[in-house]
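Reader: Hello! I would like to go through this structure with you, one topic at a time. Could you start with a term we will need later on?

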Number of protein chains: 2
Amino acid sequence: MPFGKGRCWRFRRTQAREALIKLLSRTKGHLSAEEIFWELKKVLPGVGLATVYRTLDLLTEIGLIKRYDFKDGKARYEFIHNDNAEHYHLICKNCGKIIDYEVTLEEDPLKDFKNSIQKKFNFKIESSDLQFYGLCENCQKLEK
Amino acid sequence: MPFGKGRCWRFRRTQAREALIKLLSRTKGHLSAEEIFWELKKVLPGVGLATVYRTLDLLTEIGLIKRYDFKDGKARYEFIHNDNAEHYHLICKNCGKIIDYEVTLEEDPLKDFKNSIQKKFNFKIESSDLQFYGLCENCQKLEK
DNA sequence: TTATTATTGATAATAATTCTCATTTTCATT
DNA sequence: AATGAAAATGAGAATTATTATCAATAATAA
């Protein structure tokens, strides 16, 4: 947690930031900025949408949350609960369901691929972004 | 090629579509809709931006081109030259350079990962989307 | 407590994309 | 070649997620 008792951050401990971190850390899912805004309003009625965007940017930069693009025109945010894991998503094109797939860094299926790229192109990977689009179990049945 | 001599498509053969396909098939790179619009205007001065968007959607649906999101706020499009290959991108966060990495489907580094997902979640993958963000060779040197 | 300065909320601005609709093209059928 | 129905187009308005602006407020160090 970035907020302990004393000063432990290079940023100010504001109500908006505390509330937003608390909200996201307790939410399983992939909320958009606007969804987060409305949720946050329940706790902090005066909060503004711009602050939500600014705070999401900040937390993304710090690495406390991750921003995802699932191709529906808006960014989605997720709290990073496990620092030692990679997190992949399967997105159903039919019903929109998002399936999470988490693996430890050690057993990351992309590990070898990433290593080979770093060598082959002398490219230093800082982050990667992988999504799978298709049909979930349920929607496959419905198609028949 | 979708345009042969006679009727070979379920869509009409229009000037805009022919010109756009010709343009993209000859362009190496990752053009945005607007860049494509201005290029197309050189050949077809009367063309409208909406038509460009509509045609790009159409060609994407058909599978003649692929739409990519490199996190710069606009979609980018690329002609699919090789149907039997997967195409990955390395994007330099510093200079914006995009490195293409193409592999045949047989030697796709994601092959096993995809198979395991299809089994594990009973999820039918239709497409996947993988980008690597980081520092290219040149920008790594500059950082020092 | 106070002074400093980061942060905020409201709202305007931006920018990519989509929508609307009257007009024009395409193409199968004469 | 001419015709008519439907598809496609261009111009611009509308939409929508996100950013920028700026005066007011809140958080921190002193």
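Author: Gladly! A residue is called buried under 20% relative accessible area, exposed over 50%, and partly exposed in between. Please keep in mind that this is a predicted model.

Reader: Thanks! With that in hand, is B:Glu126 buried, exposed or partly exposed?

Author: The relative accessible area of B:Glu126 is 44%. The class between the limits of 20% and 50% is the one that applies, so B:Glu126 counts as partly exposed.

Reader: Which residue forms a salt bridge with B:Glu126, and where do the two partners lie?

Author: The closest N and O atoms of the salt bridge are 3.7 Å apart. B:Glu126 belongs to strand β6 of chain B, while its partner sits in the loop between β4 and β5 of chain A, so the pair joins two chains. The partner is A:Lys93.

Reader: Which residue of chain B pairs with A:Asp129 in a salt bridge, and is each of the two buried or partly exposed?

Author: This salt bridge has its closest N and O atoms 3.6 Å apart. It crosses between chains, from strand β6 of chain A to the loop between β2 and β3 (75–79) of chain B. A:Asp129 is buried at 5% relative accessibility, whereas its partner is partly exposed at 42%. That partner is B:Lys71.

Reader: And which residue does B:Asp129 bridge to? How many salt bridges are there between chain B and chain A?

Author: B:Asp129 forms a salt bridge with A:Lys71, with 3.5 Å between the closest N and O atoms. For chain B and chain A, the count of salt bridges is four.

Reader: How much area do chain B and chain A bury between them, and how many residues does each give to the contact?

Author: The size of an interface is often given as the accessible area lost when the parts come together. Here 35 residues of chain B meet 35 residues of chain A. Carbon and sulfur atoms account for 65% of the buried area, which is about 3300 Å².

Reader: Which residues of chain B lose the most area to chain A?

Author: Three residues together make up 20% of what the chain B side buries. They are B:Phe113, B:Phe123 and B:Phe132.

Reader: How many residue pairs are in polar contact across this interface, and which element has the largest share of the chain B side?

Author: The rule finds twelve such pairs, with both residues at pLDDT 80 or more. Elements that give two or more residues to the chain B side include β2 (65–69), α4 and α5 (137–143). The largest share, twelve residues, comes from β6(B).

Reader: Which residues have the most contacts inside the largest nonpolar core?

Author: This core has 34 residues. Among the elements that each supply at least two of its residues are α4 (111–121) and β6 (124–135) of both chain A and chain B. B:Phe132 touches residues of both chains, including A:Ile117, A:Phe123, B:His89 and B:Leu90. The residues with the most contacts inside the core are A:Ile117, A:Phe123 and B:Phe132.

Reader: Within chain B, which residue does B:Lys114 meet in a salt bridge?

Author: The N to O distance in this salt bridge is 3.3 Å. The pair links distant parts of the chain, from helix α4 to strand β4 of chain B, 28 residues apart. B:Lys114 is buried at 13% relative accessible area, and its partner is buried at 18%. That partner is B:Glu86.

Reader: Now for chain A alone: how much area is buried between domain 1 and domain 2?

Author: Domain 1 covers 1–81 and domain 2 covers 83–144, with 23 Å between their centres over C-alpha atoms. The contact takes nine residues from domain 1 and ten residues from domain 2. Carbon and sulfur atoms give 54% of the buried area, which is about 790 Å².

Reader: Which three residues supply the most of the area that domain 1 of chain A buries there? How many salt bridges cross that domain interface?

Author: A:His30, A:Tyr68 and A:Phe70 supply 53% of that area, more than any other three residues. The rule finds five residue pairs in polar contact across the domain interface of chain A. For salt bridges across it, the number is zero.

Notes: Residues are numbered from 1 along each chain as its sequence is written. Chains are lettered from A and ligands numbered from 1 in the order in which they are written. This is a predicted model: local features need pLDDT of at least 70, side-chain atom pairs count only at pLDDT 80 or more; totals for chains, interfaces and linings use all residues. Side-chain values use heavy atoms; hydrogens and water are left out. A nonpolar core is a set of buried Ala, Val, Leu, Ile, Met, Phe, Trp, Tyr and Cys residues joined through side-chain atoms within 4.5 Å. Buried means under 20% relative accessible area, exposed over 50%, partly exposed in between (1.4 Å probe, protein chains only). Helices (H or I, at least four residues) and strands (E, at least two) are DSSP runs, numbered from the N terminus. Contact means heavy atoms within 4.5 Å. Domain bounds come from an automatic or database domain assignment. Buried area is the accessible area (1.4 Å probe) that two parts lose on being put together, summed over both. A salt bridge is a side-chain nitrogen of Lys or Arg within 4 Å of a carboxyl oxygen of Asp or Glu. A polar contact is a pair of N or O atoms within 3.5 Å; within protein, one must be able to donate a hydrogen and the other to accept it, and residues adjacent in sequence count only if both atoms are side-chain atoms. Lists of a residue's contacts leave out its neighbours within four places in sequence.
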